[in-house]
Amino acid sequence: MKRLLRLIGVIFFLTSFVAVSASFAETIKIAVASPFTGPLASFGEGVKNGALLKAEEINSNGGINGKKIEIILGDELCDPKEAAAVATRFASDPEVAIVVGHLCSSATLAALPIYKEAGLPAITPASTNPEIGKSSPYYFRNVYKDDFQGDFLANYAEKVRKFKKIAIFYEVNDYAMGLKEAFVRQAKNIGLRVIGAESYMAETTDFKAQLTKFKMMRPDAIFIPGYAPQATLLISQARSLGMKCAFFGADGLDDEIMLKNPDADGLFVTTPFLVDRGGAMVKEFVARYRNKFSIEPNWFAANTYDAVGLAAAAIAAVGNDREKIRAYLAGISSPEKAFKGITGATYFDVNGDCLKAAFVKLIKNGQWVSAEEQLQ
Amino acid sequence: MHLDDRLFSDKKLYLPLLAAVLLLPWVPMGLAGPYVLRVATLTLVYMVLALGLNVVPGFTGLLDLGYVGFFGLGAYTAGLLTVHYQWSIWLVLPLAVMNGVFWGVLRGAPTLRLGDDYFAIVTFGFSELIILVIRNELWLTRGPMGVPGIARPDFCGAVLDQPWQAYYLILFFLLLVLWVVVRIRSSRLGRAWFAIREDEIAAECVGVNVANYKIIAFALSAAIGALAGAFYARWFRFVHPDMFKFWESILILCLIVFGGMGSISGALLGAFILIPLTEVLRIVLPDSLSNARYLLFGLLIVCMMRWRPAGLLPVEKE
Amino acid sequence: MLTAIFEQSSLFLQQLVNGITLGSIYALIAVGYTMVYGVIQLINFAHGEIYMLGAFLGFSLLSGFFGFGLPFGLAVAVSVVVCALAGVLLDIVAYRPLRRAPRLAALITAIGMSIFLQNLALLIWGGQIQSFPQHTIPPFLGEPALLLGDVVVSWLQVVILTTAIFLMLALHLIVHYSRIGRAMRAIAQDKTAASLMGVDVDRVVSYTFALGSGLGGAAGILVGLYYNAVYPTMGYFAGIKAFAAAVLGGIGSIPGAILGGGILGLAEVFGGGYISSSYSNGIAYAVMILVILVKPTGLFGRQQRDKA
């Protein structure tokens, strides 16, 4: 019995020690949460690199008001339960002034009540679920919402690519289903025919049954709202069934792994960021990024880079008081006051959502290139 | 006397333990307080789950590989009722428990004749089907969109919005569940379960109504799982199908394997050590190894079965 | 009208081809479950992970992940052999010490090993989907072998089917006409009696694991090539489906596993193609539960002995 009580004491001690020791230093912390390991690690890597690059840049220019920024990372594997635990850890560290994250909408929604309770402002560079902005005054995002992207793709498919018949193959998750709904609604408005919709689960590897069905319907193109790991399999299987139609998707397909698949040539996607568009700031970012990490920056990196920049601007203006930072961010409410970053101008509406431009890029000979005709 | 029998009768045992858990929210931990309290609350949730799972494999000797199904069922029942009707937790929770019992009995009834490994497979398949339905039936559950904005627990009309209040609430549920399982353990019902665990055929021969007693065990286990789920939904304030993966069933199983299958104090100890440990490991391990936590759990199960199959606090006194 | 009928029938034919390919893969994995169960009455949950290991080894040896690359045929052979050895090792390390323990202990150990191996792969290879580099695969595999109107059969599908049939025939010969096969069948019937008659039970169990795991590893590589995707959790779902196939055919019965695999593959493809695609995993679970509840012995299974 005594042994048991001693064990209990030791564990109490250890937990409180670890928790308390995390909280004394002379820096300003910006917490970054994302999946850094697991199946979505390549997206998370962009988030991490973007954040680290921006922090390094700020620190080499003397930090914010003489204080250095420290990026602390929280790996939540895109899992709601893990996200809540990571969020609580951030919220209880008084030096964390603001959070940049999370990536998956389900993780963001799980962390949201915790930040709201702790009065900790957060900017998500990647979660596009429309619920987020409405649910908390502390949540901001510098990425567009699903419905905008869905509308945009429908317009692009009809006006620029002149498609008539579209089949949709979507993943069963909040991101993809939001996109699909917006696309279908807009397609109806502009007279683009959606001839079939099929769904798949994240763990699906065999898409042939549904593709075979599509093949008989002879669509001009297949729209894939979902993520790259499944989409690359899906496209290869369609080609092996002898399907010749075009494929397109949204920013979830904007991933390096698509380039390894020769069948994906011609695939086009929407993205919030193009490496070869934009001014000197973009060129410098891309050059520094390539130099430091020896890979191409993806849009997660670009959006996170801007989100950290936005956070730093807020801290520089009002200090590291969480409430004041929130008020400062909420005050960026018109194009005149917008934060100018590499992904364009960011300003928030009453919900903390923003309007951002979307671009189209496609795969040509195993490389991403910007589409010649963009839709404004 | 076994530790489990002393839980509610030995003052020297329960008074210090009760004092420690009651005082925890008031231990000054500075700003780390909310985090420690959250981990403590989570630990209590898993203690309830471990006690609930323990009823089936621990008391009746049948391996349940789908306990997360009842956890999820309870969480979704409570979450959806709260979001749609804004009912009090004291109304939603009993409904969630009843729903759990309903499905527990429905799952249990056809499996009465099955041997141990087939029973394990059916429980596994059944819970995966529950989660698959939750994921796909959007009209009911919003599927992968999850259910955000679930109200906090309440008490006599007041909202329990302080972390320590939620902690005391789950502590209350834990003590309630603990009281029930400790009482049942030493009752006629408990002895019947142990008889079934030791030898089903022999139990049947001496007049134990095996089918009835098994059904009661399934119902009780499901009820406790759903209760934990209902609290969890109101506390977490968001439910999503990803929160109820197969891995959770394994984690809960791991808790009771570690503590000692069939042992009530073992289930509590298992949760008490392993749940805070996952948090400590998250902080101690570098980011690239954060997945290694699951690896350790797998290894732990294998090693326990090999060298200490009865767990840390075995049912039989050595 | 005529074109509609034509389209429907070619849709059906294409689904049939897809379903048979999928079914032959499930059958290859299912055989591993069923053989081990027949001999030591253990549901080897970690079998799906051996299959995953096969896929990863094939990928690593071809792509030079370990710092060297092997030619295609050699890489496949090495992977299969390593998987067979891994299966034997798994038995010796994890299951053999528990032979006399309650069955529950072995079952829980199997689950633990499955979690362990899956996360070990995650640590070694990372969680992302890996694909075979283009130049390492014989190019003809991607070409269509047969074009019949709209129906396409790729060489890869032909290779998968023929490999599966070949391996199954080999297995049949081993189990029925070799000494070790006879010993396996003897142990499956009555372990105690077999050991009294001088059968070295441990050795035979090791051979069983080697054979089952080798087939599982082969299935892993074939699937890795078929979908061109290798990832740590691939064994989980494939394992469940193959297990469902084994149950459907009657666990312990090798022809049952083959038939069960085929039926499940077809059910999944036609269910996914004609009913609802989001429930295609559910078909495996439902089949598994229904068979266990209605006819636990499956299509070919023997009567289960009472718990002794």
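Two strands count as paired here if DSSP finds at least two bridges between them. Helices (H or I, at least four residues) and strands (E, at least two) are DSSP runs, numbered from the N terminus.

**Ground rules.** I'm working on a predicted model, where local features need pLDDT of at least 70, side-chain atom pairs count only at pLDDT 80 or more, and totals for chains, interfaces and linings use all residues. Residues are numbered from 1 along each chain as its sequence is written, while chains are lettered from A and ligands numbered from 1 in the order in which they are written.

**Entry 1: the hairpin of chain A.** I started with strand β13 (residues 359–364) of chain A, which pairs with β14(A) in the antiparallel sense over four bridges. Which residue faces A:I363 in β14(A)? I found A:W368 opposite A:I363. Two residues sit between the strands of this hairpin, and A:N365 takes a positive phi near 50° there.

**Entry 2: the seven-stranded sheet.** I then traced the open sheet that holds this hairpin's strands: its order is β7-β6-β8-β9-β10-β13-β14 (chain A), with mixed pairing. Its edge strands are β7 (193–200) and β14 (367–370) of chain A, each pairing on one side only. From one strand to the next I get an average twist of 25°. For angles, axes are lines fitted to C-alpha atoms (for helices over the stretch in contact), and values run from 0 to 180 degrees between N-to-C directions.

At the β7 end, β6 (residues 165–171) of chain A runs parallel to β7(A) over seven bridges. One of the pairs I noted puts A:E171 with its bridge partner A:Y200 in β7(A). Helix α8 (residues 208–217) of chain A packs on the sheet and touches β6, β7 and β8 (221–224) of chain A. The direction of α8 makes about 170° with that of β7(A). Contact, here and below, means that the C-beta atoms of two residues, placed from the backbone, lie within 7 Å.

**Entry 3: the five-stranded sheet.** Next I looked at an open sheet with parallel pairing, ordered β2-β1-β3-β4-β5 (chain A). Strands β2 (69–75) and β5 (139–141) of chain A are at its edges, each pairing on one side only. The twist averages 25° from one strand to the next here.

Strand β1 (residues 28–34) of chain A pairs with strand β3 (residues 96–100) of chain A in the parallel sense, over four bridges. A:K29 has A:V96 in β3(A) as its bridge partner. Two helices that I checked pack on this sheet. Helix α2 (residues 41–60) of chain A touches β1, β2 and β3 of chain A, at about 170° to the direction of β2(A). Helix α11 (residues 299–318) of chain A touches β1, β2, β3 and β4 (122–124) of chain A, at about 155° to the direction of β3(A).

**Entry 4: a helix crossing.** I followed α11(A) to helix α12 (residues 322–331) of chain A: their axes come within 9 Å and cross at roughly 115°. A:A314, A:I315, A:A317 and A:V318 of α11(A) make the contact with A:K324, A:I325, A:Y328 and A:L329 of α12(A). By class I have seven nonpolar, no polar and one charged. Ala, Val, Leu, Ile, Met, Phe, Trp, Tyr, Cys and Pro count as nonpolar, Asp, Glu, Lys and Arg as charged, and the others, Gly among them, as polar.

**Entry 5: chain A against its neighbours.** How many residues of chain A are in contact with chain B? I get 35 residues of chain A in contact with 35 of chain B. The largest share of chain A's side, eight residues, comes from α1(A). That side divides into 19 nonpolar, ten polar and six charged residues.

Towards chain C, 28 residues of chain A are in contact with 29 residues of chain C. Here α8(A) gives the largest share of chain A's side, seven residues. The classes are eleven nonpolar, ten polar and seven charged.

**Entry 6: a glycine in chain B.** I checked confidence before zooming in: chain B has a mean pLDDT (the predictor's confidence in each residue, from 0 to 100) of 90. Helix α4 (residues 67–85) of chain B has the highest mean among that chain's elements, 96. B:G72 lies in this helix. Is B:G72 buried or exposed? B:G72 is buried, because 27 other C-beta atoms lie within 10 Å (20 or more make a residue buried, 12 or fewer exposed, in between partly exposed; C-beta atoms are placed from the backbone). Leaving aside neighbours within four places in sequence, B:G72 is in contact with B:I130, B:I131, B:I134, B:G229 and B:F244.
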